[in-house]
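Me: I would like a close look at one part of this model, with whatever surrounds it. Please keep to what the atoms give.

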Protein chains: 2
Amino acid sequence: MSLDHILLGLLRQPASGYDLKAIFDQHMHYIWAAELSQIYPTLQRLEDKGWLRSRSADSKRGPARRVYEITPAGRKALREWLEMTPQLGQERNAALAQLYFLSELADLAKTERYFVRMREQLSDRLQALQRFDRLWSEADPSYPERLPSADFHIYLTLRKGLHSLGGLVAWCDESLRMIRARAEREKAADVRPVKKTR
Amino acid sequence: MSLDHILLGLLRQPASGYDLKAIFDQHMHYIWAAELSQIYPTLQRLEDKGWLRSRSADSKRGPARRVYEITPAGRKALREWLEMTPQLGQERNAALAQLYFLSELADLAKTERYFVRMREQLSDRLQALQRFDRLWSEADPSYPERLPSADFHIYLTLRKGLHSLGGLVAWCDESLRMIRARAEREKAADVRPVKKTR
DNA sequence: TATTACATGTAAGGGGTTACATGATTTA
DNA sequence: TAAATCATGTAACCCCTTACATGTAATA
């Protein structure tokens with residue numbers, strides 16, 4: 001049901017399916033992903049439901065655009081969703097599941113590689129958010145304390161990304177320290193007995 | 001594909017579908033969720049594929065248990081999955097989407113309520129993890145530095161939970177401070193003009 | 001001339017949830 | 001005697017992804 005309500009939220013401003021895809025990719029990628037093949041039928045369904053209305057508009061190239069907009073009934077549904085308690089979903093973290101079983105490989109160097117890669121991916125994302133944060137703060141004198149309400153709420157979602165990615169990068173660093181200390185101990189425990197038994 | 005490999009990982013120890021459900025709920029809830037209605041057909045499919053084998057075993061009450069176990073081919077598939085780069089999925093965070101649009105309600109008290117509830121849910125989870133962490137550390141003298149390899153990897157997944165939940169609770173606290181400061185300013189800006197225009 | 005961007009869709013299939021069906025044994 | 005636990009499964013449905021179909025206009 002979440003995609004429905006996200007589309008309602010975005011369609012407080014009129015937009016086509018194609019436009020919405022661009023918004024998902026450019027501005028909401030750290031919150032929700034959606035493909036065009038899911039967006040188009042969802043828009044039709046929401047229009048059938050009376051939560052959206054659409055009109056045809058011509059485009060410069062390609063077929064005519066279908067531009068959707070929220071209706072009063074849609075706005076009511078959106079507000080009801082927003083009044084709900086925060087919708088925390090179940091965890092489904094494949095990367096964490098890999099780590100859970102990674103001792104199967106019986107090779108600490110593989111675990112170290114896992115964290116090196118993980119850290120790279122996370123810190124790329126973190127740096128992108130930090131860059132966005134910096135550009136915003138430089139461009140907008142009201143940032144962050146006196147932002148208009150809509151921007152302030154978006155700013156809070158940005159802070160979430162910075163906090164949780166920051167925490168995860170710190171986790172990687174801590175883990176790498178522990179893994180390397182363990183590797184040292186393994187090496188020491190491995191070499192000495194061999195020498196002794198010779 | 002992740003559930004397949006998680007089941008392979010768990011079935012290095014023999015277990016029935018019913019047992020696996022209990023493991024998901026009790027030990028893997030912060031990593032992955034699965035329902036019995038998904039587990040049973042998946043086990044059959046993995047057996048057809050040659051990654052699992054099963055035998056019938058009688059139970060004290062209810063129908064006979066079907067106990068599954070990984071095969072050498074399954075272990076190969078598991079290891080290949082573990083060698084893959086960490087499988088970070090796309091974000092799909094409904095609660096964050098709610099916050100993104102929450103200015104629609106035009107009521108900072110609603111935003112404050114959102115964070116109060118969010119903080120409750122997160123700190124419940126955090127406290128459960130902290131409690132588990134504490135009990136483990138008290139029960140196991142090898143904790144955490146000299147844990148056996150399998151336990152050490154599970155410990156690292158636990159640290160992830162502590163880091164990211166800790167970061168999120170800090171985010172809630174920071175947000176609540178900012179929201180309350182904003183509410184103060186709103187009140188000040190609201191009351192004075194009214195008095196003036198009278 | 002080939003690729004990219006614009007623009008809308010359908011079809012097939014995978015992954016997951018909710019509800020239903022069945023029935024024995026233990027506990028309250 | 002009713003409820004909870006043990007135990008296995010099927011059916012219908014929803015959400016999402018990948019692949020396919022179609023065509024125009026600008027850009028490299």
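Reply: Cys172(B) has a relative accessible area of 0% and is therefore buried, where buried means under 20% relative accessible area, exposed over 50% and partly exposed in between, with a 1.4 Å probe and the protein chains only. The model is predicted: local features need pLDDT of at least 70, side-chain atom pairs count only at pLDDT 80 or more, and totals for chains, interfaces and linings use all residues, while side-chain values use heavy atoms, with hydrogens and water left out. Residues are numbered from 1 along each chain as its sequence is written; chains are lettered from A and ligands numbered from 1 in the order in which they are written.

Cys172(A) is buried as well, at 0% relative accessible area. Over all chains there are zero disulfides, a disulfide being a pair of cysteine sulfur atoms within 2.5 Å.

The part to look at closely is helix H5 of chain A, residues 94-101. Helices are DSSP runs (H or I, at least four residues) and strands likewise (E, at least two), numbered from the N terminus. In H5(A), eight of its eight residues are buried; Ala94(A), Ala95(A), Leu96(A), Ala97(A), Gln98(A), Leu99(A), Tyr100(A) and Phe101(A) are those residues. At the start of the helix, a side-chain oxygen of Asn93(A) comes to within 3.3 Å of the backbone nitrogen of Ala95(A). This is a polar contact, meaning a pair of N or O atoms within 3.5 Å; within protein, one must be able to donate a hydrogen and the other to accept it, and residues adjacent in sequence count only if both atoms are side-chain atoms.

Gln98(A) sits in this helix and counts as buried because its relative accessibility is 0%. Contact means heavy atoms within 4.5 Å. Apart from residues up to four places away in sequence, Gln98(A) touches Tyr114(A) in its own chain, and Trp81(B), Leu82(B), Met84(B), Thr85(B), Pro86(B) and Gln87(B) in chain B.

Two other residues of H5(A) meet chain B through Ile6(B). Again leaving out residues up to four places away, Ile6(B) touches Ala97(A) and Phe101(A), together with Phe24(B), Met28(B), Trp32(B) and Trp81(B). Ile6(B) is also among the residues with the most contacts inside the largest nonpolar core, which has 114 residues; the others named there are Ile6(A), Phe24(A), Phe115(A), Phe24(B) and Phe115(B). A nonpolar core is a set of buried Ala, Val, Leu, Ile, Met, Phe, Trp, Tyr and Cys residues joined through side-chain atoms within 4.5 Å.

Chain A also reaches chain B from helix H7 (residues 149-197), where Thr157(A) lies. Thr157(A) is buried because its relative accessible area is 0%. Beyond its neighbours within four places in sequence, Thr157(A) is in contact with Tyr30(A), Ile31(A), Leu96(B), Leu99(B) and Tyr100(B). Its side chain reaches the backbone oxygen of Ile154(A) at 2.6 Å. From Thr157(A) to Val191(A) is 34 residues in sequence and 51 Å in space, C-alpha to C-alpha.

The DNA completes the surroundings. A residue is near a strand if one of its heavy atoms lies within 4 Å of it. Of the 26 residues around DNA strand D, Met1(A), Ser37(A), Gln38(A), Tyr40(B) and Arg66(B) come nearest. Sugar and phosphate make up 67% of the atoms of DNA strand D that come within 4 Å of the protein. A polar backbone atom of Arg66(B) is 2.7 Å from a phosphate oxygen of DNA strand D, and a backbone N or O atom of Tyr18(B) lies 3.0 Å from a phosphate oxygen of that strand. H3(B) gives the largest share of the surface near DNA strand D, four residues.

Around DNA strand C there are also 26 residues, and Tyr40(A), Arg66(A), Met1(B), Ser37(B) and Gln38(B) are the closest. Sugar and phosphate account for 68% of the atoms of DNA strand C within 4 Å of the protein. A backbone N or O atom of Arg66(A) is 2.8 Å from a phosphate oxygen of DNA strand C, whereas Arg61(B) uses an N or O atom of its side chain, 3.1 Å from a sugar or linking oxygen. H3(A) gives the most to this surface, with four residues.
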